[in-house]
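Visitor: I'm new here, and I'd like to know what stands behind the labels people put on a structure. Could you walk me through a few of them?

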Amino acid sequence: MRKKDLGSIQSRGWIPGLRIPATALMMVVIALPAWASLGGDSSTIQADQVHMQGTRSMSSGQSSAGQASAGRSYTVQEIQAANGTAVREYLSPEGKVFALAWNGPRMPDLRQLLGGYFEQYRAAVQAKSGLRMTREPVLIDEAGLVVQIGGRVRSYTGRAYIPEMLPQGVRAEEIQ
Amino acid sequence: MREMKIFVSLAMCFICAFLAGCGGSSHTTPNTITSTGTNVAPISVNGGPTGDYADAAFASVTLCVPGTSTCQTVDGVLVDTGSFGLRVLSSAFTSISLPQQSSGGNPVAECFTFLDSYTWGPVQTADVQIGSETASSVPVQVLSDTDFAAPPDCTSSGFGSADTLDTLGANGIVGVGLAAQDCGDPCPANYFQYFECPSSGCTPIAEALGQQVVNPVALFATDNNGVIVELPSVSAGGEASVNGSLVFGIGTESNNALGSASVYTAPEFGLTTSYNNQTYPESFIDSGSNGYFFLDSSLTGLTTCGDNTEEPGFYCSGQNFSATNQGSNGTSGTVNFSIASAQTLFSNGNYSALSNLGGPSSNSAPYYFDWGLPFFFGKNVFVAIDGANTPGGTGPYWAY
């Protein structure tokens, strides 16, 4: 009732962050798996980095290795976006991005980062309603997708993950 | 384990109740609310223009075409210490039209992201009056989905827009928090906050500090170093509405001295809250959050109202808590508060002031404490603007 549906996403003449014409977007789409990270493979992180005009640190793919029960680990690749926000992408041993976390002064481009999960997330965040008008943190816990967004103006924190894709033994609180 | 935590919390409450100097004035002397003075504007915690807001404080703001007496008063403007700048629904302007800010001959629009929504619309200029205080040529955001189409860079948070009475629940928001300008310096194009909007569509631009939407208090001729939000205490079961004051200036008049309030400096606009031997350094005080949002059910022992209830995002059971806030300057003080079931609190639809309303801040670490509007009940909370001089030191800080 209170949340307004935004309707279809409009494609304007510019790629966000790159300022190049939309015709070039088509070339990028062909050249890179440009749309998506969550649930995608490691190559999508490269696309996110380009999109965010960011620098990436991954310490030879070994940064912040998490301990899984079966002795396996995941790796974290962090993109420091040009706008000051850091995005961490969690790669499973199978090379899939199973989680994202971010913090910084601006909200990241979740259309880019959530990829195919963006519409599910958007529908959930905008459908959220109750008896009263409220302003509160975002906590979406659906089958197949968890998204949490908190913090304050100029200091946002958040995470998104696919519960079914968490490597065995990995706990949600490790994603931050 | 859970029983242990409850026991510790209760024990701390009792200890605090008997120890002087443990901070937390909420249980001792009631605060005095200033009602007279040229620097005082009345505020009210009520259901707001839509009637269904819980725990939000509203004020009246008058906007004038700059340099003229062509003005309009907008009621039901939400008082938000968690943001900076004045934003008013386009639909609230029924009798005046404000001049448009431009960049390179094109109109300027803004995308401002809140925690669960965004606002979009043109940046226009007004003389702003709140109570008897006036600020000249204030850039304000006029909220409208239709003046210009919000570009993808604005909608990429996935949030819904809050540009209508139905979605905002208010006729506007006045951000009177710790900063003056709403983006800061610098505010480059890749922040995707300000846009120029030729007919071909809106593209991001850098916005100079002086052009940004601004906390109008910072532009008042006097009493411009911050505000005090003064609200009375509210009974445990809630009340239909309560009245208080928004006082301008800190230590600038006879009615706005710091007195015995403790100063919690906040260089990064946050403070550290400690609870149960854990510290949460990303905590903050925010009148625009309509509850105590903190921790989760596993750490509080409270149950969370389900997503399919009429109280999603709130706690649905009750308990007493005691936590400690610490400023960057080392000042610390205890805060005692209680949470009650939102289901019970919301059951009386006429009650809009709810002192025990709360919910989780997240479902797992990292956690933080968002000291929302219930924290303000029974307190005078000072908000000093970044860089402003006050008798309590230079802002940004909170004091209470």
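Guide: Gladly, and let's start with a word we'll need often: a residue is called buried when its relative accessible area is under 20%. By that rule, C183(B) and C187(B) are both buried. Keep in mind that this is a predicted model.

Visitor: What makes C183(B) and C187(B) a disulfide?

Guide: The sulfur atoms decide it. They lie 2.1 Å apart in C183(B) and C187(B), and the cut-off is within 2.5 Å, so the pair counts as a disulfide. The link is also right-handed, with 90 degrees about the S-S bond.

Visitor: How many disulfides turn up in the whole structure?

Guide: Five, over all chains. If you number the bonded cysteines of chain B in sequence order, they pair up as 1-2, 3-4, 5-6, 7-8, 9-10.

Visitor: How do you know that C111(B) and C154(B) are joined?

Guide: Same kind of check: S to S is 2.1 Å for C111(B) and C154(B), and the limit is 2.5 Å, so this is a disulfide. About its S-S bond we find 85 degrees, a right-handed link. The pair ties together distant parts of the chain, since C111(B) sits in strand β6 (residues 106-113) of chain B and C154(B) in helix α2 (residues 152-155) of chain B, 43 residues apart.

Visitor: Why is C111(B) called buried or exposed?

Guide: Its relative accessibility is 4%, and buried means under 20%, so C111(B) counts as buried. Its partner C154(B) comes in at 2%, so C154(B) counts as buried too.

Visitor: What makes the disulfide of C305(B) and C316(B) right-handed?

Guide: The torsion about its S-S bond is about 100 degrees, so the disulfide is right-handed. Both C305(B) and C316(B) lie in the loop between α4 (297-300) and β19 (319-326) of chain B, 11 residues apart. C305(B) is buried, and so is C316(B).

Visitor: Let's turn to the two chains. Why is R152(A) said to form a salt bridge with E282(B)?

Guide: The closest N and O atoms of R152(A) and E282(B) are 3.4 Å apart. A salt bridge needs them within 4 Å, so the pair qualifies. The count between chain A and chain B is one salt bridge. As for polar contacts, 20 residue pairs across the interface are found, both residues at pLDDT 80 or more.

Visitor: Which elements of chain A supply at least two residues each to the side that touches chain B?

Guide: Those are α3 (110-114), α4 (118-127), β5 (138-142), β6 (145-152) and β7 (155-161) of chain A. The residues on that side of chain A divide into 21 nonpolar, 13 polar and 18 charged.

Visitor: How much area do chain A and chain B bury between them?

Guide: About 5,400 Å², with 50% of it on carbon and sulfur atoms. The contact takes 52 residues from chain A and 75 residues from chain B.

Visitor: One last stop. Why is S44(B) called buried or exposed?

Guide: S44(B) has a relative accessible area of 15%. The cut-off for buried is under 20%, so S44(B) is buried. You'll find S44(B) in strand β1 (residues 40-45) of chain B. Leaving out residues up to four places away in sequence, S44(B) touches A56(B), A57(B), F58(B), V242(B) and N243(B).

Visitor: What makes S44(B) and N46(B) a polar contact?

Guide: Their side chains come to 3.0 Å, and the limit is 3.5 Å, so the pair counts as a polar contact.

Key. Residues are numbered from 1 along each chain as its sequence is written. Chains are lettered from A and ligands numbered from 1 in the order in which they are written. This is a predicted model: local features need pLDDT of at least 70, side-chain atom pairs count only at pLDDT 80 or more; totals for chains, interfaces and linings use all residues. Side-chain values use heavy atoms; hydrogens and water are left out. Helices (H or I, at least four residues) and strands (E, at least two) are DSSP runs, numbered from the N terminus. Buried means under 20% relative accessible area, exposed over 50%, partly exposed in between (1.4 Å probe, protein chains only). Contact means heavy atoms within 4.5 Å. Buried area is the accessible area (1.4 Å probe) that two parts lose on being put together, summed over both. A salt bridge is a side-chain nitrogen of Lys or Arg within 4 Å of a carboxyl oxygen of Asp or Glu. A polar contact is a pair of N or O atoms within 3.5 Å; within protein, one must be able to donate a hydrogen and the other to accept it, and residues adjacent in sequence count only if both atoms are side-chain atoms. Ala, Val, Leu, Ile, Met, Phe, Trp, Tyr, Cys and Pro count as nonpolar, Asp, Glu, Lys and Arg as charged, and the others, Gly among them, as polar.
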